[in-house]
Amino acid sequence: MIDTKQMIFGNAGTNFRHTIAKQRISHYFDCSNMIGISTADSYDIRIRVISQVVAADGGFSKVRMEVQAKATAADRPGGSVRCSSNGLLESRIAKMLAEAAAKDAK
């Protein structure tokens, strides 16, 4: 999804299983535990990321970001749980954006 007038960018949701960028999903999300095993690492996870670039003081810009995730058991239809982000994925995305902006500014 892209709305260039409002500077909104994102996706409708992407499915992941076990890892994101070589990290266990539980590194980024808490989806509770089942029998001592992280649901984030054992369920299919659908992650939606929406970002918006907005004006900030001094002629700068800042990025607002919303991340939603839902874990669904592949072997049990209808069994799903909402996940909460610990902020590490948002920080990683923000760092990547800052690096890309700095590279483009050169």
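**Notebook: surface, sheet and disulfide**

I began with the surface: the accessible area of the protein is about 7,400 Å², and carbon and sulfur atoms hold 54% of it. I note that the model is predicted.

**Overall layout.** I looked up the extent of the protein along its principal axes and found that the C-alpha atoms fill a box of roughly 50 × 25 × 20 Å. Of the 106 residues, 24% are buried. I then turned to the contacts with a separation of 6 or more, and 53% of them join residues 24 or more positions apart.

**Secondary structure.** I recorded 11 strands and two helices. Read from the N terminus, the order of elements is β-β-β-β-β-β-β-β-α-β-β-β-α.

**Pairing around β9.** I followed strand β9 (residues 44–55) through its partners. Strand β2 (residues 8–10) runs antiparallel to β9 and is joined to it by three bridges; within this pairing I located G10 opposite I50. Strand β3 (residues 14–17) is also antiparallel to β9, with four bridges, and here F16 has I45 as its bridge partner. Between β9 and strand β10 (residues 61–72) I found 12 bridges, again in an antiparallel arrangement. In that pair, V54 stands opposite K62. I also examined the connection: β9 and β10 form a hairpin with five residues between them. In the turn, G58 has a positive phi of about 75 degrees.

**Disulfide.** I searched the whole structure for disulfides and obtained one. The link is formed by C31 and C83, whose sulfur atoms lie 2.0 Å apart. I checked its handedness: the link of C31 and C83 is right-handed, with 110 degrees about the S-S bond. C31 sits in the loop between β6 (29–30) and β7 (33–34), while C83 belongs to strand β11 (residues 80–85), so the pair ties together parts that are 52 residues apart in sequence. I next asked whether each cysteine is buried or exposed. C31 counts as buried, at 1% relative accessibility. C83 is buried as well, with a relative accessible area of 12%.

**Nonpolar patch.** Finally I returned to the surface and noted a nonpolar patch of about 480 Å² made by I2, M7, F9, V53, V63 and L97. I singled out I2, which lies in strand β1 (residues 2–3). I2 has a relative accessible area of 62% and is therefore classed as exposed, the cut-off for that class being over 50%.

Notes. Residues are numbered from 1 along each chain as its sequence is written. This is a predicted model: local features need pLDDT of at least 70, side-chain atom pairs count only at pLDDT 80 or more; totals for chains, interfaces and linings use all residues. Side-chain values use heavy atoms; hydrogens and water are left out. Patches are made of residues with over 30% relative accessible area and no salt bridge: like charges are joined within 9 Å, nonpolar side chains (Val, Leu, Ile, Met, Phe, Trp, Tyr) within 5 Å. Accessible areas come from the Shrake-Rupley method with a 1.4 Å probe; for residues, only the protein chains shown count as cover. A salt bridge is a side-chain nitrogen of Lys or Arg within 4 Å of a carboxyl oxygen of Asp or Glu. Buried means under 20% relative accessible area, exposed over 50%, partly exposed in between (1.4 Å probe, protein chains only). A disulfide is a pair of cysteine sulfur atoms within 2.5 Å. Contact means heavy atoms within 4.5 Å. Two strands pair if DSSP finds at least two bridges between them.
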